[in-house]
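Welcome, and please open the model in your viewer. We will go from one selection to the next and say what is there at each stop.

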Amino acid sequence: KFGIADGEELLTSGTTDIGLVALVTYPAERWAVHANQGIVLPVGSADLFQPDEDPNSFFVGAIGVTILVSDPIAILGTIDFNTSGWGDVAVLDEAVLAGSLSMRWRVNDGIVVGAGFRTGAGELSGGAGFFAGIEATW
């Protein structure tokens with residue numbers, strides 16, 4: 001992630017994040033299990049709170065299952081977590097645990113459309129919500 005917005009933008013927090021993540025996939029005929037674990041290293045100043053309260057490195061991980069329902073449609077379920085990158089800020093010093101259930105439709109070899117539902121466990125994991133997106137590869 002690159003912090004390209006101005007200092008008032010809270011979503012980027014002004015840092016460039018470097019993530020090192022290992023991914024393992026076990027594929028079967030119509031389903032697959034995926035797992036990943038890694039570390040995120042924030043570089044730069046967050047400019048969110050005080051100059052001495054920048055994000056620390058934090059661990060991330062997830063496990064998920066993908067089931068091929070029909071040739072272009074798959075259903076995905078995931079559980080993911082991360083430790084806190086804000087150990088110095090009392091209201092943000094907890095780990096995050098969340099889960100999602102989504103569907104992906106492969107339009108063609110280069111375009112996938114997806115939508116789903118995501119919810120967190122605990123106060124910092126966020127509330128429930130829907131998401132949607134388009135992925136293009138070439």
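Two strands pair if DSSP finds at least two bridges between them; strands themselves are DSSP runs of E with at least two residues, numbered from the N terminus. With that in hand, a word on what you are viewing. This is a predicted model, in which local features need pLDDT of at least 70 and side-chain atom pairs count only at pLDDT 80 or more, while totals for chains, interfaces and linings use all residues. Residues are numbered from 1 along each chain as its sequence is written, and side-chain values use heavy atoms, with hydrogens and water left out.

**Stop 1: the sheet**

Switch to a cartoon view and follow the strands. Seven of them make an open sheet in the order β1-β2-β3-β4-β5-β6-β7, with antiparallel pairing. At the edges you will find β1 and β7, each of which pairs on one side only. On average, neighbouring strands in this sheet are turned by 20 degrees against each other, direction ignored; the axes here are lines fitted to C-alpha atoms, and angles run from 0 to 180 degrees between N-to-C directions.

**Stop 2: the first hairpin and onward**

Select residues 16-27, strand β1, and residues 31-43, strand β2: they pair in the antiparallel sense over 12 bridges. The two form a hairpin with three residues between them. Label T16 and you will see V43 of β2 standing opposite.

Next, add β3, which is joined to β2 by 10 bridges and runs antiparallel to it. Which residue of β3 is the bridge partner of W31? Select I67, the partner of W31 in β3. Further along the sheet, β4 and β5 also run antiparallel, joined by 10 bridges. Among the residues to label there is N82, whose bridge partner in β5 is V96.

**Stop 3: Y26 and W31**

Show the side chains of Y26 and W31. The structure holds two aromatic pairs, and Y26 with W31 is a tilted one, at 6.0 Å centre to centre and 50 degrees between the planes. (Rings of Phe, Tyr and Trp, the last by its six-membered ring, pair if their centres lie within 6.5 Å; planes under 30 degrees apart count as stacked, over 60 as edge-to-face and the rest as tilted.)

Is Y26 buried or exposed? Y26 is exposed, with a relative accessible area of 53%, while W31 counts as partly exposed at 40%. (Buried means under 20% relative accessible area, exposed over 50% and partly exposed in between, using a 1.4 Å probe and protein chains only.)

**Stop 4: V65 and T66 in β3**

Now select V65, a residue of strand β3 that counts as partly exposed at 37% relative accessibility. Draw a distance from its C-alpha atom to that of W31: the two residues are 34 apart along the chain, and the atoms are separated by 7.1 Å. Not counting residues up to four places away in sequence, V65 touches A32, V33, I75, L76 and G77; contact means heavy atoms within 4.5 Å.

Step to T66, also found in strand β3. T66 is buried, with a relative accessible area of 17%. Its side chain is joined to that of H34 by a polar contact of 3.0 Å. (A polar contact is a pair of N or O atoms within 3.5 Å; within protein, one must be able to donate a hydrogen and the other to accept it, and residues adjacent in sequence count only if both atoms are side-chain atoms.) Leaving aside neighbours within four places in sequence, the contacts of T66 include R30, W31, A74 and I75.

**Stop 5: the salt bridges**

How many salt bridges are there? The count comes to three, a salt bridge being a side-chain nitrogen of Lys or Arg within 4 Å of a carboxyl oxygen of Asp or Glu.

- Select D71 and R106, whose closest N and O atoms are 3.1 Å apart. D71 lies in the loop between β3 (58-70) and β4 (73-82) and R106 in strand β5 (residues 96-108), so this pair ties together parts that are 35 residues apart in sequence. D71 is exposed at 56%, and R106 is partly exposed at 34%.
- Select R118 and D80, which meet at 2.8 Å, N to O. This pair links strand β6 (residues 111-121), where R118 sits, to D80 in strand β4, 38 residues apart. R118 is partly exposed at 33%, whereas D80 is buried at 18%.
- Select R104 and E135, with their closest N and O atoms 3.0 Å apart. R104 is in strand β5 and E135 in strand β7 (residues 129-136), 31 residues apart. Both count as partly exposed, R104 at 28% and E135 at 39%.

Methods:
Helix = DSSP H or I, 4+ residues; strand = E, 2+ residues; numbered from the N terminus.
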